[in-house]
Amino acid sequence: MGYGRFLLKRGVQGVGVVWGVVTVVFVLRFITPGSPIDTVAPLDASQETRQRIAEELGLDQPLYVQYLDYLAELLQGNMGYSYISSIPASVQVFQKLPATLELAVAASLVAVALSIPLGVISATRRHEPADYAATSFSLLGISTPNFWLGIMLVLVFAVELNVFPTSGRAYGFGQTLAAITGPEPFFTVATAWLASLFLPAITLGTYFTALITRLVRSGMLDELSQGYVRATRAKGLPETLVRYKHVLRNTLVPVVTVLGLQLGTLIGGAVITEAVFAWPGLGTEIIRAINARDWPILQGSLIVIGCGFVLLNIAVDALYAYLDPRVVAE
Amino acid sequence: MADQNTSRRRFLTATGSAAAAVALAGCAGGDGGDGTETDEPMDTTEGGMETTETAEPTERPEPTTREGYLQRANRLIHDEAPWVFLHRQFSVYGQSDDIEWQPRTDERVAAYAIEPATDSGDDVVMTQSQMDSGLDPQDHRETPTDNIVLQAYEGLLERDAEGAIVETLATDYQRLDETTVQFTVRDNVSFHSGDSLTPEDVAFSINRIVQEDVGIASPQVDQLLGVEGAEVASTDDRTVNVNLSGLNPIVFASFATYCDVMNKSWVESNDGAYINQNMEGTGPFQLSNYEQGVSVEFQRFNDYWDDEAAISTFTINAAGEASTRVNRLVAGESDIAVNVPPQEVSRVENNDGTSITAVPSTRVIFNAMRYDVEPFDSPLFRQAINYAVDLESIIENVLQTFGSATGQPTLEGFFGYNPDLDPYPYDPDMAEQLVEESGYAGAEVELVTPIGRYLRDVEIAQAVAAQVDELSNVSASARQVEFSTLVSQVTTGNIEDKPPWYLLGWGNATFDAIQTIQPLLASDGSLTSYSNDELDRLLDEAQQLPSETN
């Protein structure tokens, strides 16, 4: 019962978020200079041609009519059609989503794999060289701009050393899975897939790694000074069990929150990394849509990202409850 | 009010050309001494001006040909200077030594022209700045999509690397009378699906562009202006008649630029979304894989009516960042990088196995000066700005020589280009003097430039503004706006909505002067910043005559 109500509440909130996003984009149309017609029509198009294109795209209607029409369509699951390619927005956006999800998940994996050990080492060897190394790394990671790191990694590892591809996405996760049974050699496909994913994932994951390292370190230090730690030690538990079973688990509660929320930011915020690596994901699509004033695509992308945020929030809350049962009691 | 404007304009026009004659003659005389220190073309510039300008414009005999009228129009524009004439933009490509390929003037890259130089040159990859806006060959009008579409689709006529018209799906073309032209459709041509090309397909394809009820609201309709429709004249002779609303001197030039032929039954049995994601043409390559917004892959079409393509596969992908395109080329992932900006040129040249190829494009870059606002309503002031700009220096330093100076709106090699006109020389003293004479000494002007739309547009605008600002009696600055902002101001059809002074680029794929001058400078042009009765008259006369090249 409680869980159902919780989900229902979140679902309603999610619809509200999506509605808000759509509304904000429509308001932005008011204040954004330039019209999609200018992208579709050549510069010297006659006023008649412009008018015809406007009618075809439905742009001749007053904005509130367009808004209501769009909401009505949306309720029927139709996100409209790209002004530029006439392809349904849902098709175009969902084609781009896997690449972005893949990158966000890969960046998170990089971050988790690096940051938790770094944070633990840092906290348990406080004021020792290892701690200084880890904290310096995280400071550097937080203060390095994403795009600069990306460009440097490409210059060194792709252009000079030729170890990784410079940009683009060779294969997707789906294609890689298909290669297990498909005609293309699995090993080649998998290698190409991982190689093209590696540098973007590192670039996107670095800031994230640094952030979580700091979080784990301070959380762990906090927990280590708690009374229960002394009690478990007094009970004679081995130090590793104290650290990893009790302290780390409690430390992970805020870490999971940040991780979940950051994953949402990664999906929407990978724009710069995607641009540097010409990664064919939602970020690249959003830039293109903004430049071309391709509003249906922009709205579709933002709706998907908005939904992603909502779902992740629900997932984080659920995990929270698992890691810290007191949350449920509240 | 309108009357006042007209009379004022006439007056200015008259004084303007008289003063220009004086000014230019003076310049040629005064510059003779140090003219030897500048480079050769500059020297001939002075000579050319002296001889042409000593004759009074009114004494010139009325032209008799279309070309003559267009050349006269270019002279008038040069003298009246409604623009700050800047440069012709170059298309700069990076290419791998694995292939042999020469770029075309019209900026389109046809894989059919690529030949392998090594074994790995058989599968060619090209990286351009953006992907297509859908694969429908008639539903776009921009180069990135052209490049993708033209591998698989063909028109009746085409252009060679220099821009001359050549036959593709037509074997013959002629004017029957003033309002009818006839194409003979090539026999034994098959679509990628195996269907044979019929005259009916050709007529349908033309109508699909120009008649909205047949096809789509095609942005190419203005490119086929005056074309009312097409019909099959004789199935046996494979002829198609195209009806025009009046004499259109550039009708064949237009057909050589846009009008890809599609398979009628294929178009009619599929919806727009499908047509935008699949291809059914007659071209030398057929679509083998399409990932929207990511890449397009072609393979050689073995039933092509002409010689088969020299390369087996051609892949087009995109990277918005120029450095990313160059990275791909340098790392060997790509064989052609489109639009290599000046700052990246050395990376391509210093790398083993890649080189730079540049070709003059069909795009002219200029600063329009609105004729109806102070101080640009004075031809003397507009000439002064032209003298104040050191074009050679901008081309050398900002564009690293990838550009050529212009002195008229029409580019060299285009129909109507006037070979007697040379770019305005850099002469700040003359500029200051002309500003004094114009009565606008102390004027403050602002140049509006789009950001990143044209190669180094902001840097060019800043250089122009700084050079004008150097004049003792004018102060100038540059202001950056987003391109769409500028577009929304210049396309309203009202001159009042435009900024007084703005940078714009203009690509003209018809290779005919009219397609630049008419929209940009004629009184009724869709983007005009200028109005001059004599110019309008010259253009009207030119449009009454067929082009000799037809």
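Why does A:Val27 count as exposed? The reason is a simple head count: A:Val27 has 12 C-beta neighbours inside 10 Å, and a residue with 12 or fewer counts as exposed. Keep in mind that what you're looking at is a predicted model.

**Getting to know chain A**

A:Val27 sits in helix H1 of chain A. If you want to see how it relates to a residue much further on, find A:Asn291, which is 264 residues away along the chain. The C-alpha atoms of A:Val27 and A:Asn291 are 17 Å apart.

Now zoom out. Chain A has 15 helices and zero strands. Its C-alpha trace spans about 85 × 55 × 45 Å along the principal axes. There are 330 residues in chain A, and 40% of them are buried. Look at the contacts in chain A with a separation of 6 or more, and you'll find that 73% join residues 24 or more positions apart.

One helix makes a nice little arithmetic check. Helix H4 of chain A, residues 63-75, has 13 residues, and at 1.5 Å a residue it should span 18 Å. The end C-alpha atoms of H4(A) are 18 Å apart, so the expected span and the model agree. After H4(A) comes A:Gly77, with a positive phi near 80°.

**Two helix pairs that meet at H9(A)**

Helix H9 of chain A covers residues 186-224, and here we follow its packing against H5(A) and H7(A). The table puts the two pairs side by side.

| Helix pair | Angle between axes | Distance between axes |
|---|---|---|
| H5(A) and H9(A) | roughly 35° | within 6 Å |
| H7(A) and H9(A) | about 145° | 9 Å |

What about handedness? H5(A) and H9(A) cross in a right-handed way. The contact between H5(A) and H9(A) has 21 nonpolar, seven polar and two charged residues.

H7(A) also passes H9(A) in a right-handed crossing. On the H7(A) side, the residues making the contact are A:Asn146, A:Leu149, A:Gly150, A:Leu153, A:Val154, A:Phe157 and A:Ala158. H9(A) brings A:Leu199, A:Ile202, A:Thr203, A:Thr206 and A:Tyr207. Sort the residues of this H7(A)–H9(A) contact by class and you get eight nonpolar, four polar and no charged.

**Domains in chain A**

The domain assignment splits chain A into domain 1 (3-75) and domain 2 (92-329). The C-alpha centres of these two domains of chain A lie 32 Å apart. How many residues does each domain bring to the contact? Domain 1 of chain A gives 13 residues and domain 2 of chain A gives twelve.

On the domain 1 side of chain A, helix H1 (2-31) and H2 each supply at least two of the residues touching domain 2. H1(A) has the largest share, with nine residues. That side of domain 1 of chain A is made up of six nonpolar, five polar and two charged residues.

**Domains in chain B**

Chain B is divided as well, and here domain 1 comes in two pieces, 46-88 and 360-542, while domain 2 runs over 98-352. The C-alpha centres of domain 1 and domain 2 of chain B are 32 Å apart. In the contact between them, 15 residues of domain 1 of chain B meet twelve residues of domain 2 of chain B. Strand E15 of chain B, residues 354-369, gives the most to the domain 1 side, with three residues. By class, the domain 1 side in chain B has seven nonpolar, five polar and three charged residues.

Is helix H11 of chain B buried or exposed? Ten of its ten residues (379-388) are buried, so H11(B) is largely enclosed by the rest of the structure. Among these buried residues are B:Phe381, B:Arg382, B:Asn386 and B:Tyr387.

**Where the two chains meet**

Finally, look at the contact between the chains. Chain A puts in 37 residues and chain B puts in 35 residues. Which helices of chain A each supply at least two residues to the side that touches chain B? They are H2 (36-40), H3 (47-57), H5 (89-124), H7 (146-160) and H12 (271-276). H3(A) makes the largest contribution to that side, five residues. Overall, the side of chain A that touches chain B has 18 nonpolar, 13 polar and six charged residues.

Key: Residues numbered from 1 in each chain as written. Chains lettered and ligands numbered in written order. Predicted model: local features only at pLDDT ≥ 70, side-chain atom pairs only at ≥ 80, totals over all residues. Contact = placed C-beta atoms within 7 Å. Helix = DSSP H or I, 4+ residues; strand = E, 2+ residues; numbered from the N terminus. Nonpolar A, V, L, I, M, F, W, Y, C, P; charged D, E, K, R; others polar. Axes fitted to C-alpha atoms, helices over the stretch in contact; angles between N-to-C directions. Left-handed = near helix turned anticlockwise from the far one by under 90°. Domains from an automatic or database assignment. Buried ≥ 20, exposed ≤ 12 C-beta atoms within 10 Å, placed from the backbone. Expected span 1.5 Å × (residues − 1).
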